[in-house]
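Here is a note for a colleague who is opening this structure for the first time. Please read it with the sequence and the structure side by side.

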There are 2 protein chains.
Amino acid sequence: MRPYERDPQAIYAASFATVRKEAALDRFPADIAELAVRVIHACGMVEIADRLSYAPDVATSGIAALRAGAPVYADCEMVASGITRRLLPEGTDIRCTLNDPRTADMAREARTTRSAAAVDLWDTDGAIIAIGNAPTALFRLLERLDEGAPKPAAILAFPVGFVGAAESKAELAERPRAVPFLCLRGRRGGSAMASAAVNALAILAAGGMQ
Amino acid sequence: MRPYERDPQAIYAASFATVRKEAALDRFPADIAELAVRVIHACGMVEIADRLSYAPDVATSGIAALRAGAPVYADCEMVASGITRRLLPEGTDIRCTLNDPRTADMAREARTTRSAAAVDLWDTDGAIIAIGNAPTALFRLLERLDEGAPKPAAILAFPVGFVGAAESKAELAERPRAVPFLCLRGRRGGSAMASAAVNALAILAAGGMQ
């Protein structure tokens, strides 16, 4: 059996030191770099730094929203599970409407996915949106914005997979509807990255990191 | 706004068709290929097929265990969240001991991580083990096996990150302690992959796919 590091603080420090050493973070403003570091830490891939797109105000807007008590919407339970509640301002509401009793019927009626229907139950106004699974959730969110839904404070977009993930994030990055956003272009993504982006905002909101 | 696919069945079919077309699955036996397909689907990366290591009996052993009512242990709540309960045999227990009231004290006492201490609360005998976050959980599991703990039916190992992830999976792949396993070598991994591997076993146990 090979020896291994057991000390949580040492693991934490060595992990983030490796990310900061290996990832190409130079192009990012300082606050965006903090988001990038935590997203990279969550997936083990330093090379994704090259494929992150963002609005320069996504961190400031997200931080201000969290401090003002904004809720966080997650597109699936895994994203909600990955958010570290103790990092968030006390009383922050983490909401996932995927398993809301109304969602399945709404999806059937609208001939769409449950993930997309769930978005119709979101109160987007000033909210933090974390999408870590379903491209259709991001597409539906953008449609709702086009229909006049109130603007979120930040969209953290990490839908993953082979149908619509790259396309939905390209749509967001090319036409963000004046909403601050962070996304990983291409097929890669996932709930761990989406949760990590929320956790990074929470740490920045509490005055940590940097 | 670009058009997008909204039909869940069409998305599902196109996703898996893309994985089967693009991923190099030829080297896998049929049942292992099914596990690989779902793990790839969960992360959006066809190239990970080249870095999967496995014991040839991992699917048959995992399927038999699920059919016999074995519990599933997850190293973190995200993995547990990602397991689709309706796919599993009725009554299958999904267990996560990370937030057990005893775990934090056990970790302090053993001078290790909570993730490693949580493993000491697992009844490994014939269980399905899904690790999607913590390298120290996999290291501790291997230590327990060396200490004589009863063998699990399958270890699905996808710890992720920069400290210990590659090393713990190399230890497993090189010396699996006669336990059937599937792992993704290197730094990459994550809870979505671990959950997907469990879901694939569940579908195979119910007679689906292939």
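The points below take up the pairing of the chains, then the sheet, and then the helices.

1. Please keep in mind throughout that this is a predicted model. The two chains make a convenient starting point, since chain B can be laid on chain A by a turn of 180° and a shift of 0.0 Å along the axis, with an RMSD of 0.0 Å. The two copies are thus related as by a two-fold rotation axis. Among the residues of chain B, the one that comes closest to this axis is Met78(B), whose C-alpha lies at 2.5 Å.

2. The surfaces that the two chains use can be described in one statement: 100% of the interface residues of chain B are also interface residues in chain A, so the copies meet through the same surface.

3. Ser195(A) is a residue worth finding in the viewer, and it sits in helix 9 of chain A, which covers residues 191–205. Which residues does Ser195(A) touch, if those up to four places away in sequence are not counted? They are Met78(A), Val79(A), Gly82(A) and Ile83(A) from chain A, together with Met78(B) from chain B. The relative accessibility of Ser195(A) is 2%, and as the cut-off for a buried residue is under 20%, Ser195(A) counts as buried.

4. In chain A, six strands form an open sheet in the order 1-6-5-4-2-3, and the pairing within this sheet is mixed. The edge strands are strand 1 (52–54) and strand 3 (94–95) of chain A, each of which pairs on one side only. Elsewhere in the sheet, strand 4 (residues 128–131) and strand 5 (residues 154–157) of chain A pair in the parallel sense over four bridges, and Ala130(A) has Leu156(A) of strand 5 as its bridge partner.

5. Chain B likewise holds an open sheet of six strands, with the order 1-6-5-4-2-3 and mixed pairing. Strand 1 (52–54) and strand 3 (94–95) of chain B stand at the edges with a single partner strand each, so one side of each is left without a neighbour in the sheet. The pairing of strand 1 with strand 6 (residues 181–184) of chain B is antiparallel and runs over three bridges, with Leu184(B) in strand 6 as the bridge partner of Leu52(B). Helix 9 (residues 191–205) of chain B packs on the sheet, where it touches strand 2 (72–74), strand 4, strand 5 and strand 6 of chain B, and its direction makes about 155° with that of strand 4.

6. Strand 5 (residues 154–157) of chain B deserves a separate look. Four bridges join strand 4 (residues 128–131) of chain B to strand 5 of chain B, and the two run parallel, with Ile129(B) standing opposite Ile155(B). In a regular strand the side chains alternate between the two faces of the sheet. Both faces of strand 5 of chain B are covered, since Ala154(B) and Leu156(B) on one side and Ile155(B) and Ala157(B) on the other are all buried.

7. Returning to chain A, helix 8 (residues 165–174) lies across strand 1, strand 5 and strand 6 (181–184), and it runs at about 145° to strand 6. The buried residues of helix 8 of chain A are Ala165(A), Ser168(A), Lys169(A), Ala170(A), Glu171(A) and Leu172(A), and they pack against helix 7 (135–146), strand 5 and strand 6 of chain A.

8. Is Leu184(A), a residue of strand 6 of chain A, buried or exposed? At 1% relative accessibility, Leu184(A) counts as buried. Among the residues that Leu184(A) touches, leaving aside those up to four places away in sequence, are Leu52(A), Ala157(A), Lys169(A) and Met193(A).

9. Two helix pairs in chain B complete this note. Helix 1 (residues 8–22) and helix 2 (residues 30–43) of chain B pack at an angle of about 115° with their axes 10 Å apart, and they are therefore roughly perpendicular to each other. The contact includes Tyr12(B) and Phe16(B) of helix 1 and Val37(B) and His41(B) of helix 2 of chain B. The axes of helix 3 (residues 58–67) and helix 9 of chain B come within 9 Å and cross at roughly 70°, so this pair too is roughly perpendicular.

How values were computed. Residues are numbered from 1 along each chain as its sequence is written. Chains are lettered from A and ligands numbered from 1 in the order in which they are written. This is a predicted model: local features need pLDDT of at least 70, side-chain atom pairs count only at pLDDT 80 or more; totals for chains, interfaces and linings use all residues. Side-chain values use heavy atoms; hydrogens and water are left out. Copies are superposed by least squares on the C-alpha atoms of residues with pLDDT of at least 70 in both. Contact means heavy atoms within 4.5 Å. Buried means under 20% relative accessible area, exposed over 50%, partly exposed in between (1.4 Å probe, protein chains only). Two strands pair if DSSP finds at least two bridges between them. Axes are lines fitted to C-alpha atoms, for helices over the stretch in contact, and angles run from 0 to 180 degrees between N-to-C directions. Angles under 35 degrees count as roughly parallel, over 145 as roughly antiparallel, 65 to 115 as roughly perpendicular and the rest as oblique.
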